Amino acid sequence: MIGLFEEVLTAQLRKYIGRELKVAVGEELITGVVESVNSEFMKLIESTDSYERETKTRAIVLSQISYIQVLSDNALVSL
């Protein structure tokens with residue numbers, strides 16, 4: 001069973017599908033494009049800085065996120 005906070009966070013994150021976010025999980029800062037969100041996980045497509053522009057799909061547990069920053073052309077929004 002998920003609580004009200006988790007429901008609101010999930011609904012808010014779904015609005016950012018297809019947009020780039022920075023997410024802090026523990027000591028790690030992950031930047032990627034939101035692919036999908038459910039009540040427990042968020043999937044990000046993380047681009048690597050390698051020559052071939054590889055991507056990795058990262059599944060992030062919502063309860064482990066400590067900070068989210070939405071990156072956009074016009075402004076930065078922190079959740």
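Reader: How much accessible surface does the chain have, and what share of it belongs to carbon and sulfur atoms?

Author: In this predicted model, the accessible surface of the chain comes to about 5,500 Å², and carbon and sulfur atoms hold 50% of it. Of the 79 residues that make up the chain, 29% count as buried.

Reader: Which elements should I look for as I follow the chain along its sequence?

Author: The chain contains one helix and six strands, and reading along the sequence gives the pattern α-β-β-β-β-β-β. You can also ask how far apart in sequence the touching residues are: among contacts with a separation of 6 or more, 36% are between residues 24 or more positions apart.

Reader: Let me begin with the helix, then. Which residues of α1 are buried, and why do they line one face?

Author: The general idea is that an α-helix has 3.6 residues a turn, so residues three or four places apart point the same way. In helix α1, which spans residues 4-14, the buried residues are Leu9, Thr10 and Leu13. Looking down the axis of α1, you find these buried residues within an arc of 100 degrees, so they line one face of the helix. The face turned away from that buried side carries Leu4 and Val8, which are exposed.

Reader: What covers the buried residues of α1?

Author: The cover includes the strands β1, β2, β3 (41-47) and β5.

Reader: How do I read the pairing of β1, and in which sense does it run with β2 and with β5?

Author: With strands, one follows the bridges and asks which residues stand opposite each other. Strand β1 (residues 20-25) pairs with strand β2 (residues 28-37) in the antiparallel sense, over six bridges, and Ala24 has Leu29 in β2 as its bridge partner. The two strands form a hairpin with two residues between them, and in the turn Gly26 has a positive phi of about 60 degrees. Strand β1 is also joined by six bridges to strand β5 (residues 65-71), again running antiparallel, and here Lys22 stands opposite Gln69.

Reader: Which residues of the largest nonpolar core touch the most other members?

Author: That core has 16 residues, and those touching the most other members are Leu13, Leu21, Val23, Met42, Leu44, Ile60 and Ile65. The elements α1, β1, β2, β3 and β5 each supply at least two residues of this core. Take Ile60 as a case: setting aside residues up to four places away in sequence, Ile60 touches Val23, Val25, Ile30, Glu40, Phe41, Met42, Leu44 and Ile65.

Reader: Glu40 is on that list; where is Glu40 found, and how far is it from Ile60?

Author: Glu40 is found in the loop between β2 and β3. In sequence, Glu40 and Ile60 are 20 residues apart, while in space they are 8.4 Å apart from C-alpha to C-alpha. Apart from neighbours within four places in sequence, Glu40 is in contact with Ile60, Val61 and Leu62. Because its relative accessible area is 48%, Glu40 is partly exposed.

Reader: And Glu46, is that residue buried or exposed?

Author: Glu46 lies in strand β3, and because its relative accessibility is 13%, under the cut-off of 20%, Glu46 counts as buried. Its side chain is joined to that of Arg58 by a polar contact of 3.0 Å. Beyond its neighbours within four places in sequence, Glu46 is in contact with Ile30, Thr31, Gly32, Glu54, Thr55, Lys56 and Arg58.

Terms used. Residues numbered from 1 in each chain as written. Predicted model: local features only at pLDDT ≥ 70, side-chain atom pairs only at ≥ 80, totals over all residues. Heavy atoms only, no water. Pairing = 2+ DSSP bridges. Helix = DSSP H or I, 4+ residues; strand = E, 2+ residues; numbered from the N terminus. Buried < 20%, exposed > 50% of the residue type's maximum accessible area, 1.4 Å probe, protein only. Arc of directions from axis to C-beta. Contact = heavy atoms within 4.5 Å. Areas by Shrake-Rupley, 256 points an atom, 1.4 Å probe, with all protein chains shown as cover. Polar contact = N/O pair within 3.5 Å; in protein donor to acceptor, adjacent residues only side chain to side chain. Core = buried A, V, L, I, M, F, W, Y, C linked by side-chain atoms within 4.5 Å.
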